[in-house]
Amino acid sequence: MRTDVSKINEQSPYQDLTKGLHMYATATSKSFNTGEWRTNTPVFYSEKCKQCLLCVPVCPDSSIPVVDCRRQDFDYDHCKGCGICVKACPFGAIEMREGQ
Ligand code: SF4
Ligand code: SF4
């Protein structure tokens, strides 16, 4: 079944979802706030940050924005709280906090 992705929402029954591995639309990730179901939250301490940018490429959700070669605070709309960035930071500039 081909589903109109613009009509999918939290109330959509599973029968309306597309089959696994089928893609019917591209570039839709920005439309979905995956940060809503985050259980833990990374916290950025800018005063400790050395701007090495090691945390940026390891984020699987591209949730660490960079502007003019400087790391910005997290994109909490899309961060899913996996904690990979915490492990990548050698300067203790990121910590995980329980909850949203
Ligand atoms: S916790 Fe995970 S998803 Fe969130 S910014 Fe860090 S690496 Fe990305
Ligand atoms: S890895 Fe740590 S020090 Fe480097 S840019 Fe990211 S938060 Fe800043």
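Okay, let's start with a question: which residues line the second largest cavity? The answer is Cys 59, Pro 60, Asp 61, Ser 63, Ile 64, Phe 74, Cys 79, Lys 80, Gly 81, Cys 82, Gly 83 and Cys 85. By class that gives us seven nonpolar, three polar and two charged residues, and the cavity they line has a volume of about 60 Å³. Before I go on, please keep in mind that this is a predicted model.

Right, so let's step back to the whole chain. We've got two helices and four strands, and if you read along the sequence, the pattern goes β-α-β-β-α-β. The radius of gyration comes out at 16 Å, well over the 13 Å that the globule rule gives for 100 residues, so the chain is more spread out than a compact globule. If you'd rather think in box dimensions, the C-alpha trace spans about 50 × 30 × 20 Å along its principal axes. As for burial, 24% of the 100 residues count as buried.

Now, the enclosed spaces. How many cavities of 30 Å³ or more are there? The count comes to two. You've already met the second largest; the largest has a volume of about 80 Å³. Its lining has 13 residues, and the ones closest to the centre are Cys 49, Cys 52, Cys 55, Arg 71 and Cys 89. Split that lining by class and you get ten nonpolar, one polar and two charged.

And what sits in the largest cavity? That would be ligand 2. There are 13 residues around ligand 2, and Cys 49, Cys 52, Leu 53, Cys 55 and Cys 89 come nearest. The shell around this ligand divides into ten nonpolar, one polar and two charged residues.

Okay, on to the open spaces, the pockets. The largest pocket holds about 190 Å³ of space. Lining it we have Val 5, Ile 8, Thr 18, His 22, Met 23, Tyr 24, Ala 25, Thr 26, Ala 27, Thr 28 and Phe 32. Charged or not? Seven of those residues are nonpolar, four are polar, and none is charged.

Then there's the second largest pocket, with about 150 Å³ of space. Its lining is Ile 8, Asn 9, Glu 10, Phe 32, Asn 33, Thr 34, Glu 36 and Trp 37, and here the classes run to three nonpolar, three polar and two charged. If you want to see how the two pockets relate, look at Ile 8 and Phe 32, which appear in both linings.

That's me done, over to you.

Definitions and conventions
Residues are numbered from 1 along each chain as its sequence is written. Chains are lettered from A and ligands numbered from 1 in the order in which they are written. This is a predicted model: local features need pLDDT of at least 70, side-chain atom pairs count only at pLDDT 80 or more; totals for chains, interfaces and linings use all residues. Side-chain values use heavy atoms; hydrogens and water are left out. A residue is near a molecule or strand if one of its heavy atoms lies within 4 Å of it. On a 1 Å grid over the protein atoms alone, a cavity is a set of points where a 1.4 Å probe fits but cannot get out, and a pocket is an open set with protein on both sides within 12 Å along at least five of seven lines; lining residues have an atom within 4 Å of a point. A molecule sits in a cavity or pocket if more than half of its atoms lie within 2 Å of its grid points. Ala, Val, Leu, Ile, Met, Phe, Trp, Tyr, Cys and Pro count as nonpolar, Asp, Glu, Lys and Arg as charged, and the others, Gly among them, as polar. Grid points are joined across faces, edges and corners, and a volume is the space filled by probe spheres set on the points. The radius of gyration is taken over C-alpha atoms; the globule rule is 2.2 Å times the number of residues to the power 0.38. Buried means under 20% relative accessible area, exposed over 50%, partly exposed in between (1.4 Å probe, protein chains only).
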